[in-house]
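Student: Could you take me through the place where the two domains meet, and then show me what each side is built from?

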Amino acid sequence: GKPVCECNTCFGGPDCSQFSPGCAADADDGDPIFLEPFWVRHAASSAILVTGWHRMSYVFDDQSYISQELKRHICKVHAIAGNAVTAARFIVFGTGSTQLLNAAVHALSPDNSSTPARVVASIPFYPVYKTQTDFFQSTEFKFQGDTSMWNDTSNTSMNFIEFVTSPNNPDGQLKKAILEGPSVKTIYDHAYYWPHFTAIPAPADEDVMIFTISKLTGHAGTRFGWAVIKDEAVYQRMLTYMDLNTIGSSRDSQLRALKLFKVVLEGGGREIFEFGYKTMRNRWEKLSNALLVSQHFSIQEIAYQYCTFFQKVRGPSPAYAWFKCEKEEDKDCYAVLKAANIIGRNGSMFSAENRYVRLSLIRSQDDFDLLLHRINILVSEENGAR
Ligand code: PMP
């Protein structure tokens, strides 16, 4: 019979389980909708209602822009995940972690140097480090490309700010800083350092660490991130940035974040991580299996690793596949995938070769199912043609 409701545009058939032939698999952006089913299960306990007269002021009762209650909850979530040291650390909130990235660059730039701090990241890297640093370029800092170009002892007196994304977007690897020396500062972007996406070998204990609710709970639109900072002077500079830029972060977002954290912490706080890992692991295994028989296409290898959260060795479950076209002539891998009706993101966006494409695995189940379907067709055509 006919479906009771309309199917999503990419699906058809009586129970909406058949893929529409012309519909592209969208694996482009990193919208973390994979967590939606978790929140559907917790619909009532995660809901907020705010009356019109409530929370109108710029500030909390202690005259700050930062909810102490939310801070305590963030520390508890880190303690349960075992992914960051928060004792005796300062915490700053931002409008997403995006705002905190530049706040950290500002805070780590030298005060009165004649040359701007060199901001670097290791290829392949998340493009915003470059685009944002270029956009806000000032006398304080300037984006200077790939970290490895500066990994030379003769550079030890220069001021560097190195972005380290761990695990990395796009390739999911746990990374460490490359540059060292007295004038090197490091910003650890730990957006994906949660059991959903990676083994947690040990709590991170870096000077400047940035996290976001976007990839933890999936609420990217709430625009809420936080930085965990060791040094009080750096913390003060970040607070000044937040003060001048937006007068702190939205209290409404903080309220929603608090409610979400309370649900995350319900029952000892394991459920969201178990759900996240199971979902991402399942997607990775399916994609890996689909590509096992392919000579022309591959995805990155990520090592099995002991995870202190699950207390066992666990397999990879990254947020993105770093997909490679292996054939010599397939230099434009994006176009190869596009022809197969798969939309990814060009390697050059991550300052890498276009032989690579990033495929997002954190979107909805429908998006992933369609992606897997199209990948299976691509691989079977390759094998049929041999
Ligand atoms: N860092 C990394 C590595 C990311 O992938 C993202 C989002 N895609 C962000 C930061 C920014 O996230 P948000 O501003 O939503 O916190």
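Tutor: Start right at the meeting place: 34 residues of domain 1 are in contact with 30 residues of domain 2. In contact here means that the C-beta atoms of two residues, placed from the backbone, lie within 7 Å. Keep in mind that this is a predicted model, where local features need pLDDT of at least 70 and side-chain atom pairs count only at pLDDT 80 or more, while totals for chains, interfaces and linings use all residues. Residue numbers run from 1 along each chain, following its sequence as written.

Domain 1 covers 11-40 + 270-384, and domain 2 covers 68-268; bounds like these come from an automatic or database domain assignment. Taken over C-alpha atoms, the centres of the two domains are 26 Å apart. On the domain 1 side of the meeting place, helix 8 (271-291), strand 12 (305-307) and strand 14 (320-325) each supply at least two residues. Helix 8 has the largest share, with six residues. (Helices, H or I with at least four residues, and strands, E with at least two, are DSSP runs numbered from the N terminus.) Sorted by class, that side of domain 1 has 21 nonpolar, seven polar and six charged residues. Nonpolar means Ala, Val, Leu, Ile, Met, Phe, Trp, Tyr, Cys and Pro; charged means Asp, Glu, Lys and Arg; the others, Gly among them, count as polar.

Strand 14 also turns up in an open sheet of four strands, ordered 11-14-17-16 with antiparallel pairing. Two strands pair if DSSP finds at least two bridges between them. Strand 11 (297-298) and strand 16 (345-346) sit at the edges with a single partner strand each, so one side of each has no neighbour in the sheet. Strand 11 and strand 14 are joined by two bridges, and Ser298 stands opposite Lys324 in strand 14.

Now for another sheet, an open one of seven strands in the order 4-10-9-8-7-5-6, with mixed pairing. Its edges are strand 4 (90-95) and strand 6 (141-146); each has a single partner strand, so one side of each is left without a neighbour in the sheet. Inside it, strand 5 (residues 117-121) and strand 7 (residues 160-165) run parallel, joined by four bridges. Ala121 has Phe163 of strand 7 as its bridge partner. Helix 4 (residues 128-135) packs on this sheet, touching strand 5, strand 6 and strand 7, and its direction makes about 150° with that of strand 6. Such angles run from 0 to 180 degrees between N-to-C directions, and axes are lines fitted to C-alpha atoms, for helices over the stretch in contact.

Helix packing comes next: helix 2 (residues 68-81) and helix 7 (residues 251-265) pack at about 35°, with axes 10 Å apart. Among the residues making this contact are Leu70 and Ile74 of helix 2, and Leu258 and Phe261 of helix 7. The contact residues divide into eight nonpolar, two polar and three charged.

Last comes the ligand, with 13 residues around it, of which Gly96, Ser97, Thr98, Thr212 and Ser214 come nearest. A residue is near a molecule or strand if its C-beta atom, placed from the backbone, lies within 6 Å of it. Helix 3 gives the most to this shell, three residues. By class, the shell has three nonpolar, nine polar and one charged residues.
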